[in-house]
Structure formats: structure tokens, C-alpha cells
Amino acid sequence: MAQSLELLLIQFLMPDNDARRQAEEQIKRLARDPTVVPSLVHHLRTAKSPNVRQLSAVLLRKKVTSHWPKLSRPDKASLKSALLDSITLDNSSLVRRASANVVSVIAKCAVPGGEWPDLLPFLFQCSQSSQEEHREVALILFSSLTETIGPTFQSHLANLQSILLKCLQDESSSRVRVAALKAVGSFIEFINDGGDVKIFREFIPPILNVSRQCLANGEDDVASIAFEIFDELIESPAPLLGDSVRSIVQFSLEVCSSQNLEVNIRHQAIQLISWLAKYKASILKKHKLVIPILQVMCPLLTETSNGEDDDDADLAADRAAAEVIDTMAINLPRQVFGPIIEFSSVNCQNPNPKFREAAVTALGVVSEGCSEIMKGKLEDCLRIVLEALKDQEQMVRGAGSFALGQFAEHLQTEILAHYGSVLPCILNAVEDPSDEVKEKSYYALAAFCEDMGPEILPYLEPLMARLITSLQTSPRNLQETCMSAIGSLASAAEGAFIPYAEKVLELMKGFMVLTNDPDLVARARATELVGIVAMAVGRTRMENIIPPFIEAALSGFTLDFSELREYTHGFFSNIAEILDAGFTQYLPHVVPLAFVSCNLDDGSAVDIDDSDDDENGLGGVSSDEDTEDRARVRNISVRTGVLDEKAAATQALGYFALHTKSAFAPYFEEALKILVRHSGYFHEDVRLQAVISLKHILTAIRSIPSENAEISEKQKDVLDTVMNIYIKTMIEDDDKEVVAQACMGVADIVRDCGYAPVEPYMPKLAEATLTLLREESSCQQVESDDEAEDDDVNHDEVLMDAVSDLLPAFAKVMGPYFDPILRSFFDPLMKFSKGSRPPQDRTMVVACLAEVAQEMGPPISSYIDRIMPLVLKELASSDATNRRNAAFCAGELCKNGGAIALRYYGDVLRALYPLFGDSESDDAVRDNAAGAVARMILVQPQAIPLNQVLPVFLKSLPLKEDREESMSVYSCIYNLILSANSHILPLVPDVIHIFAQVVVSPDENDDVKTLIGSAISHLVSVYGQQMQPILAALPPAHASALAAFASKR
């Protein structure tokens, strides 16, 4: 075989493709026989051509694993000897590397079984050789062997350390230094205990020294390897950074602030800081590195990219620095906001416009992470941003529009209170001479107005006049953002948008027939806008004019444009919502399109190039460059547009089912299959919509009357499917928003279905809820190995608010039988009420327990001694929401807590009293305080000093904002009147005045007004003569309204 094989190897290396193919076929046939190994060893030793020797080594690497068990002991010895000789003696570096790769493969088979005891001593010897080539190849082998026999090196780490440290400082060879760096990096994953950690930390100073030297010599690629190692240190579960984090950060800051360095290496340095901020935030705080980092990152915001290449823009220092600041704000808001507001305050008046731009940009960037802090400093922050909108420099005005959009998105609802100063500035910005500023101002307008209500009305006419003009005259990119702004205005204005709807819809017709590729984004936005306008103006005005728009939307599916399909599914969702059952006629047209989008190939693929697979032939055998990777990921791609399309289609299926109910029955089975599949989809956006839509499918199928066993069984099966998915999602999904939506779905199902249908799931539901309360679910696992301190914890509004809502839902359907489950939940829940936790955490606990007490009743009494001290403290909170929830909770505890609660009546009344005074500016707080007093009087009137309490109580009425307290408050007064309480009778004139205001209020419900009518009727029947002058003193409209409800008794 040896002679024929040599000829085939030579033939394979010929440039003639036919000859290569013939040789490949023959080599593949011969390679199936184990005797090919000694033949290849022979050619590795003796072939004159280095290309043949290299090819022999490459083929050995591909085939030796499968043939190794069949080789004789002499053949194995010969192979090992030949490889070590090749590594040390061959004069070709390519051959030496190819042989080293074979050694790595064989070691995986031979070393664990003790078949190659000489290998490691050989490597240690080579690594200390006087020859550069030997040192380099030994280090390369150390690196590659960690992939196959990594754990074997752990016992030799101390010996390796001295070798690697020496090689890292090898001044005679940059190749050795690079190989040593790679070798150090390859050992990171095997470091896990204290001794090894200490050894490894000693590598960091020489790595930094080598990196500095290399950067000084222009060897950026070597320093790049160092940054890759530092990235791995951050990601390692072992605490490898230690105190060296200071020197690593210092080095990174030096690199990223050096404008003479290449953009790629600077970006790596900035990215390292970003990883630290994301995964090791507490370490940055512990070592007081936040301010030094921000002192470098903020000035980097003033750098601008000169290149027009998009890739260069992505690597630009200003953009990367903004990402770092954003990440730090999200993870360390308290430490970040102070330095940022100081930088912005100092530089907002800087003569250099780049610094003014950076000052405003920084505030916009941190508005998400520092939102809770900024809400309390909003006036100062807004002043800087609104001033920037008036700046003479376009770049500063553009940054101001960007920041304002960020504020509008992340500082809701507090920023809406400033609409009087914000909207006039936006009005000016949308007429800016710069298209860039206009575009950003449209974004700001869209974000700001999205959550507005009637406050938008005075600005609607001037805004719409400008936007409609822009829609008709601007370039496409401005038209697109302009449509988004109009959509937000329509959502905010609702019925008041009707005068503008006809003009907007007419303009949209022109956009919805565009077919050229550059225009399809505008067509997509137009389709979306029609749906939003339809939602704003309602079914009555839209039902007759919507068919042409639906026809245009359907025709868009003939165009191959994912974003258009995405927005069209959203459009159909909106139309289904306004037409409700009237949408049934469109189901045969739109449901199949949603199915097609849901079943699209999303383009995500992982192809493993396994070189040992015979089916792969000999592709690439002439190149051994990537052979260190045994299994390489060849292609990972995600077409984001298709993901968004899938998410929109998944959402649409839920809306179609929810609004057409039984008419959706022909599609239930296929839709459910898709939603089940998408609930486990790899991307969280699709999973989120699947979780939401599963609840809608369940609602739809439960709306069908269960007239026969088949329907009833189907409803039960769907409930089982949905509940099991929700429970699994709660524990296993790694996205908080998806888990929160599953929790909300569970709460809704429990409330809607009652206890009997969900009883079989309660043990697993309780277990999943407890896991979330303990913060042990998959989505709550932080990637940093450092425990965050309590004062660094932010309120998890998305997730924990949803989790805490589960407890009242369970209590509602279980009543007093919820007590055993609450006992297991109680301590994990109360952990969130510690003084070191954010105020939002504490009020979440108080609100949750208030609702649980309301639903569970008397068993809450056994928890009162633990809850009441928290409630009394929260009644004095500086946060209105906290005071409001505490007042509600105090009332429910007193109402349901029996004799144990009675002990706290005096403390509760004293804590509630300030909430009735002029110093309390929040009407909802005062309303809840009144509700609390009412509940206390209802259950324990003898324990209340009514002569002192009632005048204060009545002075706070009628309720101004929280009408959920109405029944408790007015029932209290009604009971006192019916019982002829001596303390209420002198106050009847005040009571009548209050009742009159209640019955004419459009915000109060008829049950409350009927109750008041009964009270008035009773008073007139008992105290007729005395009541006449009181009633006569009322305004005629009030008197008539009271009389009308009194007569309904």
C-alpha cells in the first residue's frame, strides 16, 4: 500500500481537478483499512516533499481515532515516535503543526488509558528547548490538548505555571509569546478550586506586560489575544479576577482612550469593560472602578467616526462607550447616575458642541437603567435636554431629540406631567431644518404621546398639521418615522382623532399600493398606522370603509418582504379587536397566512463540520488551518425579520381566536400545535407571543357551550396543555418577560375558571411560585458569580409584580384554604420587604398581602404580628404608592384580623391621621386612608373614638380618585345611619352634601348610588321634618339626583 499511497498523495496535490478527484476516491477507499496508518506514518517520516508529509499528517488526524483500537502495539509505538520526531525535527512549520494536531487527537485515546506516559515529559522538555520552533509547538500542543485531555493537566498546573510565565516573557520570540498567551487562555475552563485560582491569577500581570509591549511595537493582534483571555476570565464560574480586576480595567481604559490605536483593539477594550459591567458589576463597585470607568467613557462620547463604512460605525468609540454606560446604568444605577448628571451638568454649556452633544446623549443613554432615580430628578434632567433642543448646532439638537425620546420611553408616567414644557419643544423640533433632527423628534413624539390621554388635545391640531405636511413632502425615511408619530397621537387622542382620520387614511391608501423594494418599509408602516387609526376611531366609523384596506394588506403577502408581513399581521390583530365577531368573514383569508408565517424557516442553523465523518469525504485536506477545532460551527444565522414576522403571526392567531371565539373552531387544532411549538422557541419574542396567545385560545374554546362530552373533554385538554406549558415556563424559561406573562396567564385562568378545574395543578403551581419567590428559577439566575448586595438590587417590575399577583389569585379561589400554601410562601415573600430593598419591593409585598387578606379572610390573623410593623412603617413612606398600598393593607388586616388586629387599632389610627391632612398631596392615598378607617369602623365600631374620627373622615369625602374604596366607605356611613349612631347624626348635613356629590358623579357606579339612595330614604322616613331644610339647601340637580335614587329603594 505504501508505494501506491505515496503516488496518490502526490496526485492529490496536483492542480488538475480530475486527477485530484480520482486520487481522493482512491485515498478514501484505502483509508477504510487500518493498515493505512503505518503507511501514512512511513510517508510522514520519509517523504521528500513537505506537502506530502503535511497531507499524511492531516489524513492521520482524520482517520487515527477510528483505527486506533485496531492498531498493534508496535504500530502505535511507531506512530507516536514518528509524531514526536516530526514535531522536533521536521524543518517545515506546517508539517510540525499538522503532526501536533495528530498528537492531540491520539492523546484523547491514549493518555487516559496510560498508553502514552512519555507525552507530557516530552512537552515539558520541548517547552524549555533553546529552539524557538520547539517552544512554540509545545505551547500549541498544550493548548490543543486541553480540548481532549484537559483534566489531565490539573495536577501539573504548578509546573506548567513556571513554564508559561517564562514563555510569556520570551523576549526573543513573539511567536512563543503568542503561543503562551493562547495556552494560558486554554486552561481557564479547568480552573475551579482555590489553589488553582491563586496560581492562575499570577498570570495576569505578565499578560498585561506582554500586551503593553506588543501594543507599543504595533502588534495589536497579540494584545487582542489578551483581551480574549480576559473575556474568558469574566465568563468563568471560578473567581479568577480577584484584585487584578483593577489592573485589567486600567489597561483597558488606557487602550480604549488611545486614539492612535486601531479601532478594533480599542473596541475590544471597551467591550471588556461592558462585559465586566454586565457580569461582574458588584466587583466594579467593590473596587471603586465605576467613576474611573465613567471618567473615560463619557469623553469617548465626543469622538465621531470618520469612516462611512457601517462596520466601522459599529466599532466606533462613541457608540461602544454609550453601550458601556447603558450597561453600567442597568446594573449599577445608584453608582452611575451621580457621575453622569455631573458630567452632563458641567458640559451642557461647554463651548465645544461635541461635549454638549455628549452631555445630552449620556442622559438619554442612562434613562433606562437609572429610571427610578431620574424620575425624582426629572426637572433637572429635562432642563438640560430641552435646552439642547434649542442649540444652534444640529448635532446637539439631534442628541436632545434622542434623549427626549429615551426619557419618554423609560420615564413614564412621571414625564407626562411635564407635557406643558415638552410638547412645545417637540413642536419646534419637528420643523427643524435638519432631517436628522426631524427624524429623532418624530421618534420622541411617538414615545412621549403613546401613554398620553386628554392632555394631548390642545396640541393635536398643530402637531397633526405639521405631520400631515411632512407625510406629503418628506423623504421616505422621514415619512416612516412620521407615521409612527401619527400612530401615537391617534392612540392618545382616541375619539378626538376622528377629524384627522379621513385625511390620514386617504394618504395611507397611496402608501399601501407601493411595490418597489425601497418603498416597502413605508408600506409596512402605513399598514400598521391604518390599524392604529381604526383602533382610535372605533368600529362604527371603520367597519364600512375597512374592506379596501384589508384587500390592500392581503395583496402585500405576494411581495417577498418579511417586515411588511410582520406589520400586516399586526394590522389584522387590530382589526380583529375592533370588529370582534365581525372579523369572522376574514378568517379564511388571514389565518392561513398567519400559519405560513409561523411555519417559515427562520434561517437559524448550526451545521457541524465533523472532519472524522466518512460522509464528508476529504474536503479541505490540503489545509490544516482550522484543525484545532474538532467540531466547528460553520453557519449560524438569524434573519431577525423572520423572527419578528413569526412573533407577529403568533400574536395574531391569539387575537383571531379571542375575538371570533367559536368561529375560530376550524383552526383551533393547527393553531394550538403552532403555539405549543412556539412556547419552546429559541427566541424570547416568539415565546412571549405564544404564551399570551395560549391564554386567548383557551378563552375562545371555553366560550363554546359544553353541550356534549366531546367539547367538554376538548376544553379540559386545552386547559391541561396551557397549564403545563405555563408551569414549565415559570421554572425553566430564561426570559423574565416570558415568565411574567406565564404568571399573568395563570392568575387570569385561576380567576376565570375557579378552583375545581385548576385544583389538579395547584401543587405544581405552588412549587413554581415558591421557586420564583426564592429567586431560583432559570430566568433569575445571574451570570455573575458575585452576589449582589441588597442595596444594589433593583425592583424587578416585569417579573416580581406578576409573581406577587399569583397569591391573591390563589386566595380568591381557595379562600381560607389558601392558608397552608401561604405559610410556605410567606418568608420568601417577606424577604422583599427588608429595609435594604427598593421601595417598590416593599410596596409590592404590602399590596400582595392586602389582597390576600381581602380574599383569604380570618386566617390572615396569624400573620398580622409579622405584617403590621411593615405596614405602619410604609404608611410614613415618602412614596405615595407605598402609602396608598399600606393604607389599603391596614384596612384589610383590621377588617379580617379579629382580636389580634384589634391590638393595633390605636397605632393604625395614629399612622393614618397624617394622610388626611393638608400635607398629603395624593388623592388616592387619602381615599385609601378613608377606606381603611371605614373597614375598621365596620368591624369594630366600639374600638374607634368616633367623635374624633368621623369629622376628619367625612372631611376627606367624597372620594376623589380610587373608586374601588367607594363601597367600603359609603357602606360604613350607611351602617352608622341605619344604627342611629349618636356620633353620625349631628353630622348628617355633611353626609347629605357628600352623598349628593356622589350620586351626580359619572365616575361612581350605580350600586354605590343605590346604597346612598337607601340611606337617604331611611333618613327621610325617620327624620322627615328635620331632613327637609337640609335637602332644600342642595343645588337642584343634586337634590333631584338624590331623590331619584331614594325612590328606587
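## Salt bridges across the model

A search of the whole structure finds 36 salt bridges. The model is a predicted one, and the positions and distances below are computed from it. Three of the pairs and one network are described here, each with the setting of its residues.

One pair consists of Arg-476 and Asp-519, whose side chains meet with an N to O distance of 2.9 Å. This pair links distant parts of the chain, as its two residues are 43 residues apart. Arg-476 belongs to helix α28, which covers residues 476-493, while Asp-519 sits in the loop between α29 (498-511) and α30 (520-537). Arg-476 counts as partly exposed because its relative accessible area is 30%. Asp-519 has a relative accessible area of 14%, so this residue is buried.

## Two further pairs

Lys-831 and Glu-775 form another salt bridge, with 2.8 Å between the closest N and O atoms. Lys-831 lies in the loop between α43 (819-830) and α44 (839-856), and Glu-775 in the loop between α41 (762-773) and α42 (797-814), so the bridge ties together parts that are 56 residues apart in sequence. Both ends are partly exposed: the relative accessible area is 26% for Lys-831 and 30% for Glu-775.

Asp-560 forms a salt bridge with Arg-565, and here the closest N and O atoms are 3.6 Å apart. The two ends of this pair fall in separate accessibility classes. Asp-560 is exposed because its relative accessibility is 74%. Arg-565, in contrast, is at 13% and therefore counts as buried.

## A salt-bridge network

Salt bridges also link Glu-372, Lys-375 and Glu-414 in a network.

## Charged surface patches

A patch of positive charge on the surface brings together Arg-201, Arg-246, Lys-286 and Lys-288. Of these residues, Lys-286 lies in helix α16, which runs over residues 281-286. The relative accessibility of Lys-286 is 62%, and the residue therefore counts as exposed.

A surface patch of negative charge is formed by Glu-368, Glu-409, Glu-450 and Asp-451. Asp-451 is located in the loop between α26 (435-449) and α27 (457-473). With a relative accessible area of 48%, Asp-451 is partly exposed; the cut-off for exposed is over 50%.

## Ser-488 in helix α28

Helix α28, which holds Arg-476 of the first salt bridge, also contains Ser-488. Ser-488 is buried because its relative accessible area is 8%. Leaving aside neighbours within four places in sequence, Ser-488 is in contact with Leu-445, Ala-446, Cys-449 and Glu-450. Glu-450, listed among these contacts, is also a member of the negative surface patch.

## Thr-729 in helix α38

Thr-729 is placed in helix α38, which covers residues 709-732. At a relative accessible area of 5%, Thr-729 is buried. Not counting residues up to four places away in sequence, Thr-729 touches Val-691, Val-738, Val-739 and Ala-742.

A separate distance relates Thr-729 to Ser-778. These residues are 49 residues apart along the chain, and their C-alpha atoms are separated by 9.3 Å.

## The protein as a whole

The protein contains 54 helices and 2 strands. Its C-alpha trace spans about 130 × 75 × 65 Å along the principal axes. Of the 1049 residues, 56% are buried. Among contacts between residues at least 6 apart in sequence, 73% join residues that are at least 24 apart.

The exposed area of the protein is about 45,000 Å², and carbon and sulfur atoms supply 49% of it. As for charge, the protein has 92 positive and 147 negative side chains. The centres of these two sets lie 3 Å apart.

Technical notes:
Residues numbered from 1 in each chain as written. Predicted model: local features only at pLDDT ≥ 70, side-chain atom pairs only at ≥ 80, totals over all residues. Heavy atoms only, no water. Patch = residues over 30% accessible without salt bridge, like charges linked within 9 Å, V, L, I, M, F, W, Y side chains within 5 Å. Areas by Shrake-Rupley, 256 points an atom, 1.4 Å probe, with all protein chains shown as cover. Salt bridge = Lys/Arg side-chain N within 4 Å of Asp/Glu carboxyl O. Lys, Arg positive; Asp, Glu negative; His and termini not counted. Charge placed at Lys NZ, Arg CZ, Asp CG, Glu CD. Helix = DSSP H or I, 4+ residues; strand = E, 2+ residues; numbered from the N terminus. Buried < 20%, exposed > 50% of the residue type's maximum accessible area, 1.4 Å probe, protein only. Contact = heavy atoms within 4.5 Å.
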